[in-house]
Amino acid sequence: MTDDQRIERRLATDEPNLVSSFESGFISLEGAVVGVCIKYRTYDGNDRIAHWPNERFTELYSCLERYSEEHWAGSDMQRSTDPKFVAGLSAHHPYHTVVNDAPSLTQAEIGASTGSTFVSDFQFADRGKACEIRCIFRDGRQRTDTLPEYIAMNLWGYLKSSIEVVENLFRSDSRGSA
């Protein structure tokens, strides 16, 4: 058997858990942030929602931060500032799908936490060029979301920026008006 015969070739669209893009929104109650809603779009076109209470979200954020820092050097995210590198990327590369395949997240979805979307626990696995987030939902159901390196780093950066915006909003609200 030759090496070509040993290699199984599969498309990203064949992977039901592979995330192509995301959107997120903060969940607030009476002026306080109580969690984050993340909606993923997978390469097979399905959308998935997870509602992360603050404690679990903080843990997820730390995992994404550590993963991003460990894999930054030589990553597609780092190289994406090079126009020559970007020009050679296929339309299905996460560089493109993170924008072009982004799901729409409504206010109703952000606020509609249920037993099947509320993350009670999770496991994070670093798989090198991807990470896996295995959510355990309040109703006992489990789901694995596989984020390619570029998507994971982009999600972390997006969440980091969003947290800074929310913190600034609350700081300015606490000062009152003149």
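## D47 and its salt-bridge network

D47 is partly exposed in this predicted model, because its relative accessibility of 34% falls between the 20% and 50% cut-offs. Its side chain meets that of K39 in a salt bridge, with an N to O distance of 3.9 Å. That value sits within the 4 Å limit for such a pair. K39 has a relative accessible area of 7%, so K39 counts as buried. Here a partly exposed acid pairs with a buried lysine.

The helix α2 holds another such pair. E59 forms a salt bridge with R56, and the closest N and O atoms are 2.9 Å apart. Both residues lie in helix α2, three residues apart, about one turn of the helix. E59 is partly exposed, at 31% relative accessibility. R56 is buried, at 16%. Elsewhere, salt bridges with shared partners join K39, R41, D47 and E109 into one network.

## A link between β3 and β6

Side chains of opposite charge can pair when their charged atoms come close. R48 and D145 form a salt bridge of 2.6 Å, N to O. R48 lies in strand β3 (residues 47-53) and D145 lies in strand β6, so the pair ties together parts that are 97 residues apart in sequence. Both R48 and D145 are buried.

How many salt bridges does the count come to? The count is nine.

## The β4-β5-β6 sheet

Strands of a sheet pair through backbone hydrogen bonds, either parallel or antiparallel. Which pairing does the sheet in the order β4-β5-β6 show? The pairing is antiparallel, and the three strands form an open sheet. Its edge strands are β4 (119-126) and β6 (142-148), each of which pairs on one side only. On average, neighbouring strands of this sheet are turned by 20° against each other, direction ignored.

β5 covers residues 130-137 and is joined to β6 by seven bridges. The two strands run antiparallel. I136 stands opposite Q142 in β6. Helix α2 packs on the sheet and touches β4 and β5. The direction of α2 makes about 10° with that of β4.

## H71 in helix α2

H71 is found in helix α2, which spans residues 54-71. Is H71 buried or exposed? H71 is buried, because its relative accessible area is 18% and the cut-off for burial is under 20%.

Leaving aside residues up to four places away in sequence, H71 touches D126, G128, E149 and M153. One of these contacts, D126, falls within the residue range 119-126 of edge strand β4.

## Cysteines

The disulfide count comes to zero. C63 is in no disulfide, and the nearest cysteine sulfur, that of C131, is 8.9 Å away. A disulfide needs sulfur atoms within 2.5 Å, so the C63 and C131 sulfurs do not qualify.

C63 is buried, at 13% relative accessibility. C37 is buried too, with a relative accessible area of 0%.

Key: Residues are numbered from 1 along each chain as its sequence is written. This is a predicted model: local features need pLDDT of at least 70, side-chain atom pairs count only at pLDDT 80 or more; totals for chains, interfaces and linings use all residues. Side-chain values use heavy atoms; hydrogens and water are left out. Helices (H or I, at least four residues) and strands (E, at least two) are DSSP runs, numbered from the N terminus. Buried means under 20% relative accessible area, exposed over 50%, partly exposed in between (1.4 Å probe, protein chains only). Contact means heavy atoms within 4.5 Å. Two strands pair if DSSP finds at least two bridges between them. Axes are lines fitted to C-alpha atoms, for helices over the stretch in contact, and angles run from 0 to 180 degrees between N-to-C directions.
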